[in-house]
Amino acid sequence: MKFDLEYLEKLAKIVRENDLSEITLEDDERAVSLRREKPSAIVSPMAQVMGATATSQVISTPSVKQETVKQSVHKGKPVTAPMVGTFYSSPSPDDAPFVKIGDNISIGQVVCIIEAMKLMNEIEADVSGKITEICVKNGDSVEFGQVLMYVE
């Protein structure tokens, strides 16, 4: 295998076009590895200098305002995800969901499952009341502290 400049440029193009982070090729005598850093959420120096002013500009966008209004309509106490993982509303695809909107639940009742690292974790309610909203769909990825549902 010959690693000339043209060949390496073709490999770099493949990495870019397929949104790969790394590609490695090797034979008995040589090896080449190309890595591409993915852009991360970096705060620009100007935003750091502006501090609260930059934040208020971001908050004033229409989509964020609409979401804020939508969030203020929620009734009840939130049931949040205690971990990062995949949300499942029922014990298996063929079973009925643990809870539905309008169901009354009690403290300690299983309301969903979050799969994390191939382990199924039953999530129990820490409040009693009536389910007023379920905020995630079956199979959605959830973050730690993300609101799963509201209980009134």
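I'll start with one pair of residues: T86 stands opposite S141, and S141 is in strand β9. What you are looking at is a predicted model, so please take everything I say in that light.

That pair belongs to a link between two strands. Strand β4, residues 85-88, and β9 run antiparallel and are joined by two bridges. Both strands are part of an open sheet of four, in the order β7-β6-β4-β9, with antiparallel pairing. β7, residues 119-124, and β9, residues 141-142, are the edge strands, each pairing on one side only.

Stay at that end of the sheet for a moment. After β9 comes a loop leading to β10, and E143 is found in it. What does E143 touch, once residues up to four places away in sequence are left out? The list is A81, M83 and V84. There is also G85, which is 58 residues from E143 along the chain, yet their C-alpha atoms are separated by 6.8 Å.

Now the whole chain. It has 152 residues, and 20% of them count as buried. The protein chain contains four helices and ten strands. In sequence order the pattern is α-β-β-α-α-α-β-β-β-β-β-β-β-β. Take the contacts between residues at least 6 apart in sequence: 52% of those join residues at least 24 apart. The accessible surface is about 11100 Å², with 54% of that belonging to carbon and sulfur atoms.

Next, the helix at the start. How far apart should the ends of α1 be, at 1.5 Å a residue? Helix α1 covers residues 5-17, which makes 13 residues. The expected span counts one less than the number of residues, so the figure is 18 Å, and the end C-alpha atoms are indeed 18 Å apart. Following α1 is D19, with a positive phi near 55°.

Last, the core. In soluble globular proteins, nonpolar side chains tend to be buried together. Here the largest nonpolar core has 17 residues. Which of them touch the most other members? They are I105, V111, V142, L148 and M149. Strands β6, residues 110-116, and β10, residues 147-151, each supply at least two residues of this core.

M149 is worth a look on the screen. Setting aside neighbours within four places in sequence, M149 is in contact with K77, P78, V79, V99, V111, I131, E133, I134 and C135. V111 is on that list, and V111 is also one of the five core residues I just named.

That is all I have.

Key:
Residues numbered from 1 in each chain as written. Predicted model: local features only at pLDDT ≥ 70, side-chain atom pairs only at ≥ 80, totals over all residues. Heavy atoms only, no water. Buried < 20%, exposed > 50% of the residue type's maximum accessible area, 1.4 Å probe, protein only. Contact = heavy atoms within 4.5 Å. Areas by Shrake-Rupley, 256 points an atom, 1.4 Å probe, with all protein chains shown as cover. Pairing = 2+ DSSP bridges. Core = buried A, V, L, I, M, F, W, Y, C linked by side-chain atoms within 4.5 Å.
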